[in-house]
Amino acid sequence: MHIVDGALSNPVVIGGAVLAIGGLAQGLRHLPMEKIPAAGVLSATFFVASLIHVPIGPSSVHLIMNGLAGLVLGWAAFPALFVGLLLQAVFFGFGGLTVLGVNTLVIGGPAVLVGLLLAPRVQAGSQRSAAIWATIGGGSAIALTTGFVAVALALTGDEFLPAAKLVFVAHIPVMVVEALLTGAAVYLAKQVKPELFDDLQGVPQ
Amino acid sequence: MSPVISTLDKPLTATGANRQLSWLGRIDPRARIVAAAAFAVVVVACESFLVLGAAVGVAFALLSVSRLPAVRTMKRVAAMDSFILFILALLPFTVPGEPIFTLWGFPASWEGLWQAVEIALKANAIVLALMALVSTMEPVTLGHALHSLKVPEALVHLLMFTVRYIDVLREEYLRLRQAMKARGFRPGTNWHSYRSFGYLVGMMLVRSLERSERILGAMKCRGFTGRIPLLDRMAWRPGDAVFAAGFALMLVGLAVMELSYGAA
């Protein structure tokens, strides 16, 4: 879900950029140099995950997995996902340049929200309860992302409102798929490497 | 296997030296990044179709001098998100105005159509210019250029690590997919597939984190203290100044056109 240049009104684009810069600053505060290799490798993981296409009925969707990124990285998910979006814009032509702030907010904002609210439960819970919370987190991250897109479009103008509503409805299957995948991923990670969810939830320096 | 993040057919020599195919590629990376950003801001602010057409022309000119494979680049740019295409297709029906035709009882308006065309022109001009100016850089050069443009060091390091490991992890992903295929996995719309994809992502996370621990260990062995010195010294040459001046002039030209024609 990448909004392109020229679609949104100037106040929305500027507001998005300002909020994204704030989010980046906050995310980098949670990212001491010691943790940058881990965050970079995980950022690359989420970039690769976004290249995976998963079938839904006759069609297929590519993964976003921002909920999972939030659960693993916490605040650091914001700069990590920003880097992914920047690379996608520059090298793949996905999204755009002036809307980079809005796009980061749309993808990274839900990731951080899910991370802050649910990561403690995933860290502390048993394998099963962690997977259930992750399922909720994975689904709600996509719901929030679609919601944020709808808000950005609605703030731009009423003419986008019907489209925004339809986009939200059309993404319900994606929410289900991402929820299931996030749950399964956390179920496996909790079994194989439970400390995955503790290591990167750094405290600010 | 070709790298994921590479738009050029390898301008690299085996030593990793930065050899560019076109004169545009030899312009200072900082100038190209700033030029792309300035172009984006100016084009987004314009509304007249004449100016937007000129902007698309400029973008195509940049594309042709950048020596990017034109057809492949344009395919990438045209493959916009289905979600954006959908929103553009709906615009004529949701913007009130003079009707063109009626589809299933919904009138389509000229105003909406023009708005959709305007967005499409802006988006394509900016993305084409961005790819022509910036994507011809080695991703590592992009990191260095951003650093000397005062982007915070932590963010630059994050970018460099991400760039460095995307291909490594994609190979890992393809190995895991191959292993799944060898065991008879065929993706479909069912619980088993989704669980398997979830486990795949989870496994990639686990392996990535373990890899990053080894990386950090190896870096500490070599004296990593939390800072990576960025060695690439960029030199501003006369040609870069000419490019910057010419590009600025072009942008002013677009702005003047917008001001004189846009009001009409």
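A residue is called buried here when its relative accessible area is under 20%, exposed when that value is over 50%, and partly exposed in between (1.4 Å probe, protein chains only). By that yardstick, 47% of the 264 residues in chain B are buried. Keep in mind that this is a predicted model, where local features need pLDDT of at least 70 and side-chain atom pairs count only at pLDDT 80 or more, while totals for chains, interfaces and linings use all residues. Residues are numbered from 1 along each chain as its sequence is written, chains are lettered from A and ligands numbered from 1 in the order in which they are written, and side-chain values use heavy atoms, with hydrogens and water left out.

Let's start with the layout of chain B. It has ten helices and two strands, where helices (H or I, at least four residues) and strands (E, at least two) are DSSP runs numbered from the N terminus. Walk along the sequence and you meet them as α-α-α-α-α-β-β-α-α-α-α-α. Take contact to mean heavy atoms within 4.5 Å. Among the contacts in chain B with a separation of 6 or more, 71% are between residues 24 or more positions apart. For a local example, look at Ser66(B), which sits in helix 3 (residues 49–66) of chain B. Ser66(B) is buried at a relative accessible area of 2%. Setting aside neighbours within four places in sequence, Ser66(B) touches Ser22(B), Leu24(B), Ala132(B) and Thr136(B).

Over in chain A, helix 3 (residues 66–73) has eight of its eight residues buried, so this helix is largely enclosed by the rest of the structure. The buried set includes Asn66(A), Gly67(A) and Leu68(A). Right after helix 3 of chain A comes Gly74(A), with a positive phi near 65°.

Leu68(A) turns up again in the largest nonpolar core, which has 157 residues; Leu8(A), Leu68(A), Phe39(B), Leu133(B) and Val134(B) are the ones that touch the most other members. A nonpolar core, for our purposes, is a set of buried Ala, Val, Leu, Ile, Met, Phe, Trp, Tyr and Cys residues joined through side-chain atoms within 4.5 Å. Helix 8 of chain B gives the most to this core, at 15 residues. As for Leu8(A), its contacts, not counting residues up to four places away in sequence, are Ile3(A), Val13(A), Val99(A), Val102(A), Ala152(A), Leu153(A) and Thr156(A).

Now for the place where the two chains meet. The contact draws 74 residues from chain B and 74 residues from chain A. The size of an interface is often given as the accessible area lost when the parts come together. That buried area (1.4 Å probe, summed over both parts) is about 6,400 Å² between chain B and chain A, with carbon and sulfur atoms giving 82% of it. There are also three salt bridges across this interface, a salt bridge being a side-chain nitrogen of Lys or Arg within 4 Å of a carboxyl oxygen of Asp or Glu. One salt bridge pairs Lys220(B) with Glu34(A), where the closest N and O atoms are 3.0 Å apart. On chain B's side of the contact, helix 9 of chain B supplies the largest share, 21 residues. By class, that side has 53 nonpolar, 13 polar and eight charged residues; Ala, Val, Leu, Ile, Met, Phe, Trp, Tyr, Cys and Pro count as nonpolar, Asp, Glu, Lys and Arg as charged, and the others, Gly among them, as polar.

Side chains of opposite charge can pair when their charged atoms come close. Over all chains, the salt bridges number ten. One of them links Glu210(B) to Lys193(A), with the closest N and O atoms 3.8 Å apart. Glu210(B) lies in helix 9 of chain B and Lys193(A) in the loop between helix 8 (172–192) and helix 9 (196–199) of chain A, so the pair joins two chains. Glu210(B) is partly exposed at 33%, whereas Lys193(A) is buried at 5% relative accessibility.

Within chain B, Arg207(B) pairs with Glu172(B) at 3.6 Å between the closest N and O atoms. Arg207(B) is in helix 9 of chain B and Glu172(B) in helix 8 of chain B, so this salt bridge ties together parts that are 35 residues apart in sequence. Arg207(B) is partly exposed at 33% relative accessibility, and Glu172(B) is buried at 6%.

Methods:
Buried area is the accessible area (1.4 Å probe) that two parts lose on being put together, summed over both.
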